[in-house]
Structure formats: structure tokens, C-alpha cells
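Reader: I am new to this structure. Please take me through the helix packing in one chain, slowly enough that I can follow it on screen.

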Amino acid sequence: MTLGRNPTVLVLAAAAVGLLGLGLLMPDWLRFLVQISLANSLAVLGVMLQMRAGLVSFGQGLYYCIGGYAAGMSGHLLGVSDAFALLLLGLVASILVAMALGLLMSRYREIFFAMLSLAFSMILYGLLVRAEALGSTDGFNVPPATFLGIAFKGGEHRYATYALTCALAFVVALALNRYLVSTLGYLGDAIRENEIRVEYLGASVRRTLYIKYVIAAGVSGLGGGLVAIAVGHVDPDLAYWTTSGEFVFVALLSGTGNVLAPFVGSLLLEFIRTFAFAYAPYTWQMILGGTMLLLILFLPGGLWSVIGARAERS
Amino acid sequence: MVPALEAKGLHKTFGAVIGAADIHVAVAEGEVLGIIGANGAGKTTFVNMVTGHLKPSRGTIHFLGQDITDLPSRAITQLGICRSFQIPQLFGNLTVLDNLLVAIGVMEASARALWQRFRRPEPLALARETLQRYGLTSYAESKASLLPQGVRKLLDIAMATVRAPRIVLLDEPTSGISTDEKFAIMDTLMTALKAADTTVLFVEHDMEIVERYARRVLAFYDGRVIADGPTAEALASAEVRQYVIGGEVDRRAVTARA
């Protein structure tokens, strides 16, 4: 991967270094906001991956929640405290569930895929609100994570979790950027355009979508794990349909043209929500809705369509 | 010698409608076979059964001696039978070059190949060579959805043949193409396929094209094969003249008289 020939890699690297540096200067509230938006971006990346193949997942919260709960339960019930181990367990749990559900999901398209994904996430939500051992609707607290045996305290701990989120978001974005420029990545675009032709070229549409589904789940699970560590708490709302809807919202807001787009969109959403809530606490949802409306009317390809068009012209 | 393609007793029904009735065909390697028939005669049903899109109700299809009757379309493609479509099946939002790169990218069945970079030197070289062979170089960076019909047809065929198939089935390669362009396109196409020693089966309504390019003709009527033989012989058959060519013969006769 040549940096000079790939502006995305260069921008990602610059953003990661910049965010790590700025994190030392930012006030706690702002750093936390950036951290959450980076973690959520991973779930949005999962939605984006599937959107590129023409599939809209209204249930990505399922894997976000599994990642969060698996990490949280490992800390809460099993006494695992290492952040990397917690995240790995969240990632593995998400991937294992996706490997099973993906066999079914890869058969469906369009509204059927959207509704089925929503159904699975709501089933998990329903199970969690009834699971008293896991705190029912209140969820449970996740013990503070350690980092390879080092237990940071206070501000150091907050910066460490922030730095971990930045680093992982960078690594995942880099990996997905590589995936998108592979034949498998392009096959997603081709499937969205014409499934019949893909099959007649000798490729398996279902296998391609299955791989995409599992990758999207893993990435979203990692996002959920990072949120669990950052917030120190998980609850069933992680799987609720509004959480998944927000990921779709951000994917539409940002566009699907580049792995950078979800990070921009997610950050923008967090800012809009924070400031809308601060200045219009009773009507902030209207502001979000209005933003969405304007976007669909004037930028149907999302924010990235503007950047992409400019890059193409230059 | 084992035929490249052999259909035995193919039968296909769609409810009460018979799409194919007891079709027996053997095609030798390197043959160029024209498939003719009126609309609804069973030509595309035959092509769809050979390429795995439809499963025959009865009968078998063999490719170089291997039974492919129950294989899915992608497995048949991987074996070496490719097809183009009456309505070109392209990736409209991708460029012409990217359309070909997708076709080249999936040629290797290994999972490792799928993870490789889409724009690598070797596939790019093959794509550019194919573009040149089909006269598409000037369209390389054009979006497929914006191409003229003739170019769309050529791209569709180029995608079907890029993996150098043993057999290619072309469904009406000149439909929707102007009279001026059709021979030029067929010349380009047949030269490219002949160079690769590909067995060609093409469905065509245009008898001028059939006469000029097919060495053998398979004529369908009502799901049945009513003629199978050398082009001149098949086109001269009474049944073909009555059920397939009809006005076409009269028009040519008039032209000849003039």
C-alpha cells in the first residue's frame, strides 16, 4: 500500500496521529464525544460495507450489542480486565453469531434483508430486557479495563481508552480500505449493480455477501466493545432499533464512497446531537430529522459525494 | 471424439407451456453454430438450460463428457461455458475497464485471489488487451450505463469471453444494433473468438448474420428442433422456410430479382 498513491491511507494516518495528539489537549467532554463517535463509526462502517452491496441493515445494533455485552460480561462475570482481551472476546462473539446468521441472511435482499436484520436485533433486545442476571433494562457496569497489565487511573485511564479507540479505528479503517480495493470489495459493488452477471462470471453472490456480512458484524462488534470500555456500562439499548437506525442515518449522511466517510458522518452526528440537545432540548430530534431531510434532498449521495466529486475533478 | 457440448432428450415445461421438447444436439469443438427460430420457439430456453439458469425437466447436458445438467450457472461458467445476453448485463455504475476487471478478478476460483488488489498489473494488462481486441479502448473510462447499444453488446460479450471459455453462447449479439454496425461488430467478435478457438453458439434472428457467420444451423419451432445441419442446407429446409424465415426469404428473393 503506497502512501503517496493512496490519499485515504495518508489521511487516515494523519487523522490518527492528529487525534492522538489533540486528545492530550481536548477537554474531557470533547474527547469523550470524539471517542464515542469513533467507536460508533465502526458500526457505521459495517452498515456501509453492506450498503455498497445494496443491502441496508436495520439491525446492525445486534452485533454492536453482542460486542459490547461480550466484552462487558467477560469483565463483569469472568473477571477479565485486559482491554485487548475484552475486545477480542467481543469480536469473536460477533463473528461467531454472524457466521451462523449469515447463512440465512445472505439469502435475502432489499426490504426482506432489512426487516430480518431488524428482527434479529430486536430478538436480542427482548432477551436482554428479560435477563435479570444481566441487569434487565438497566444493563450492568463494566469494570475499568487494564492495558497489558497496566491499570491507569483517572485522566490517564480516560486517555488510554481514547488512544486505544483511535488506534483500533485507524487499523480497522486501513484494513477495510484494503478490502474495498480488493476483487472481493469490488464484487460488492458489482452485486449491487447486477447479481445475475456476477453469477455468470463464475462468482458466488451468496458467498460474497456472507463474507461481507461476517466482516460487517466483526467490525460492529468491535465498535460495541470499545463503547462498553469507554462508557463502562452496557444496556439492551445497544440492540434497540433506534441504535441501528442511527447507524443507517450516519451511513446515509456520510455516504458510502470511502472508509473515511463514516468517521466524518459519525462525528458530525455527535456534534449536531450534542449542540441541538444543548440549545433545543425539547426539539433536538426535529433538528436531526431536518438535517436528514435536507441531506436526502440536496446530497442524496451523502457528504462524501461532494468530496468524491471534487477529488475526481482534480 | 467427445463433443464439446451434448444435449440428450432435453425437455422443459413451464406449466402447460412446453419450452423444450426432446432436444438432441451435439456440438463439436471449434464449431460455430447459429440458433434460429421465431420468438417463443425455445432458443433462449435452450441457452438458459445449457448455462444453468434453468434446469431441464428431463434430459441431460454434457460438457466434454462431464454431466453439467444439475450444476449452478457459476459452476458451469467456471468449467468453461460462458454466455452473453440479449439485453447486455453490465455493471452500469462501473467503468468499462472496471467491468472487465471484475470479470477477470473472479476468473481464479481461489479465495486468495479474491483478496488480491483489484487493480493489479496483470489483470489490467489483460483488460486493456481485451478492450483493444474488441475495439473498446476509447471507452475504457466511460461508465457502462452511458455506452451506446453496440458498445454495450461488445462489452457484454467481452466480459463473457475474457476468461477464454471453451464454449460461448451469444444471445442475439446484433439485436438493437444498427445495420451499419452489425457486420463490423460480428467481424470483430468472430475474429476474436476464432483466434481463441472457441466453440460458438449464437442465437440470431438476422438471417444475413446467420448465413455469413454460422457453419451449422439449429432451427427451433415450438420447443422442438426442426432442422440441424450445414447452414445452407438448414436454411433451405421447407420447415425452416415455413416456420422460421418466412418473409425473410421473400424479401431476399425480391432483392435478388431486383
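Author: What follows is a close look at the helix pairs of chain A, with a short word on chain B at the end.

A caution comes first. This is a predicted model. The predictor gives the complex an ipTM of 0.84 and a pTM of 0.87.

Start with helix α3 of chain A, residues 61-76, and helix α4 of chain A, residues 83-105. Their axes come within 8 Å and cross at roughly 135°. An angle over 145 degrees would count as roughly antiparallel. This one does not reach that cut-off, so α3(A) and α4(A) are oblique to each other. The crossing of α3(A) and α4(A) is right-handed. Now look at who touches whom. From α3(A) come Y63(A), I66(A), G67(A), G68(A), A70(A), A71(A), S74(A) and G75(A). From α4(A) come L86(A), L87(A), L89(A), G90(A), L91(A), A93(A), S94(A), V97(A) and A98(A). By class, that contact has eleven nonpolar and six polar residues. Charged residues are absent from the contact of α3(A) with α4(A).

Move on to helix α11 of chain A, residues 260-279, and helix α12 of chain A, residues 284-298. These two pack at an angle of about 140°, with axes 8 Å apart. That angle makes α11(A) and α12(A) oblique to each other. The crossing of α11(A) and α12(A) is right-handed. On the α11(A) side, find I272(A), R273(A), A276(A) and F277(A). On the α12(A) side, find W284(A), I287(A), L288(A) and T291(A). This contact of α11(A) with α12(A) divides into six nonpolar residues, one polar and one charged.

The next pair is helix α6 of chain A, residues 154-180, with helix α9 of chain A, residues 205-231. Their packing angle is about 170°, and their axes lie 10 Å apart. Here the angle is over 145 degrees, so α6(A) and α9(A) are roughly antiparallel to each other. T161(A), T165(A), L168(A), V172(A) and Y179(A) are the contact residues in α6(A). They meet I215(A), V219(A), L222(A), L226(A), I229(A) and A230(A) in α9(A). Nine residues of this contact of α6(A) with α9(A) are nonpolar, two are polar and none is charged.

Now turn to where the chains meet. Chain A gives 19 residues to the contact, and chain B gives 22. On the chain A side, two elements give two or more residues: α7 (183-193) and α8 (195-200) of chain A. The largest share, eight residues, comes from α7(A). By class, the chain A side has nine nonpolar, six polar and four charged residues.

Last, the partner. Chain B is divided into domain 1 (5-89 + 164-257) and domain 2 (91-146). The centres of domain 1 of chain B and domain 2 of chain B are 27 Å apart, taken over C-alpha atoms. Chain B averages a pLDDT of 86, and 95% of its residues score at least 70. Over residues 253-258 of chain B, though, the pLDDT is below 50. Beyond near neighbours in sequence, this stretch has zero contacts in the model.

Conventions
Residues numbered from 1 in each chain as written. Chains lettered and ligands numbered in written order. Predicted model: local features only at pLDDT ≥ 70, side-chain atom pairs only at ≥ 80, totals over all residues. Domains from an automatic or database assignment. pLDDT = per-residue confidence, 0-100. Contact = placed C-beta atoms within 7 Å. Axes fitted to C-alpha atoms, helices over the stretch in contact; angles between N-to-C directions. Helix = DSSP H or I, 4+ residues; strand = E, 2+ residues; numbered from the N terminus. Parallel < 35°, antiparallel > 145°, perpendicular 65-115°, else oblique. Left-handed = near helix turned anticlockwise from the far one by under 90°. Nonpolar A, V, L, I, M, F, W, Y, C, P; charged D, E, K, R; others polar.
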